[in-house]
Amino acid sequence: MNIPAYWTYQMLLNHNVDIASYMKKMNYSVDNYAIESLPLGGGIETTVLQQVNAYQMISNGGVYMKGYLVDSITNNKGDVIYQHKANPVRVFSEATASILNQLLKDVVKGGATTEFYKDLQALNSQAAQADWSGKTGTTDNYTDVWLMLSTPKVTLGGWAGNDDNTSLDSMAGYKYNAQYMADLVNSIYNAHANTFGTDKYNLSSNVIKSTVLKATGLQPGTVTVNGRSLNVSGETTTSYWAKTGAGNMTYKFAIGGTDSDYTKAWDALLHNPAIKTNSSN
């Protein structure tokens, strides 16, 4: 899925989206926003705290809360001489954050990139009942592995790597870091069972639901292919949008790609028995 991430980022750059404003709100420092691998994590150094803070923002309805250690300080008379004051910063809309949470739930429970959820179920079935979302990450040659985890109440993050940046075992992320994080969650639950909460991730009432073709991600409709005007339909699914809703059918239905890519794509689509077409003229 790195290719769609790359093309999505290029689209944002081409539309002059102020990407830096989003990153700065979350206290990320990026020297060069033109680096092609930036959407994959290239060209940026980060800490576990920064990562946890960013994923906390998603679970917190799109509002960033800067991490802190000391909540308050009192003197020997019991007077509060320091009290932490939160400074919430809106990064994403509530609708956007709620869509992301739905996507990230599948990362954890799907188990394709981490066995965390399976491990947690075996360790602590009660803790596994929390509504978990999360994201894995692996750099080239397994030099870094990440696992970010959230419920609507709390966010955790785990990183593994060597001080000299040498490679880890190929299973370091999928298996070993997952086991560590499952053990961590189990230990926290055993100390404070209500830490992770029982709330569920719900889509914001502002989310727009669109019916789209699975093949194109756009609404069924008319498109011109090789000079022919065709009505395109087929198997559909529900697509979630923070604003506007899904687009109308068009020849260049994807993000990015060359003319040759679209020629191949439509040739495949028009020979796909799941896609229905008929001439509109």
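The largest cavity in this predicted model has a volume of about 40 Å³. Counting cavities of 30 Å³ or more gives one. Helix 3 and helix 4 both help to line the largest cavity, and these two helices also pack against each other.

**The largest cavity**
- Four elements each give at least two residues to the lining: helix 3 (48-59), helix 4 (94-110), strand 5 (133-138) and strand 6 (144-150).
- If you want to find the spot in the structure, look for Tyr 55, Ile 58, Ser 59, Asn 101, Leu 104, Ser 133, Gly 134, Met 148, Leu 149 and Ser 150, which line the largest cavity.
- Sorted by class, the lining of the largest cavity has five nonpolar and five polar residues, with no charged ones.

**Helix 3 against helix 4**
- The axes of helix 3 and helix 4 are 8 Å apart, and the helices pack at an angle of about 110°.
- Angles of 65 to 115 degrees count as roughly perpendicular, so helix 3 is roughly perpendicular to helix 4.
- On the helix 3 side, Tyr 55, Ile 58 and Ser 59 make the contact; helix 4 brings Ala 97, Leu 100, Asn 101 and Leu 104.
- The residues of this contact split into five nonpolar and two polar, and none is charged.

**The second largest pocket**
- About 200 Å³ of space lies in the second largest pocket.
- This pocket is lined by 13 residues, and the closest to its centre are Met 65, Lys 66, Gly 67, Ala 86 and Asn 87.
- As for class, the lining of the second largest pocket has five nonpolar, six polar and two charged residues.

How values were computed
Residues numbered from 1 in each chain as written. Predicted model: local features only at pLDDT ≥ 70, side-chain atom pairs only at ≥ 80, totals over all residues. Heavy atoms only, no water. 1 Å grid on protein atoms, 1.4 Å probe; cavity = no way out; pocket = protein on both sides within 12 Å on 5 of 7 lines; lining within 4 Å. Points joined across faces, edges and corners; volume = space filled by probe spheres on them. Nonpolar A, V, L, I, M, F, W, Y, C, P; charged D, E, K, R; others polar. Axes fitted to C-alpha atoms, helices over the stretch in contact; angles between N-to-C directions. Parallel < 35°, antiparallel > 145°, perpendicular 65-115°, else oblique. Contact = heavy atoms within 4.5 Å.
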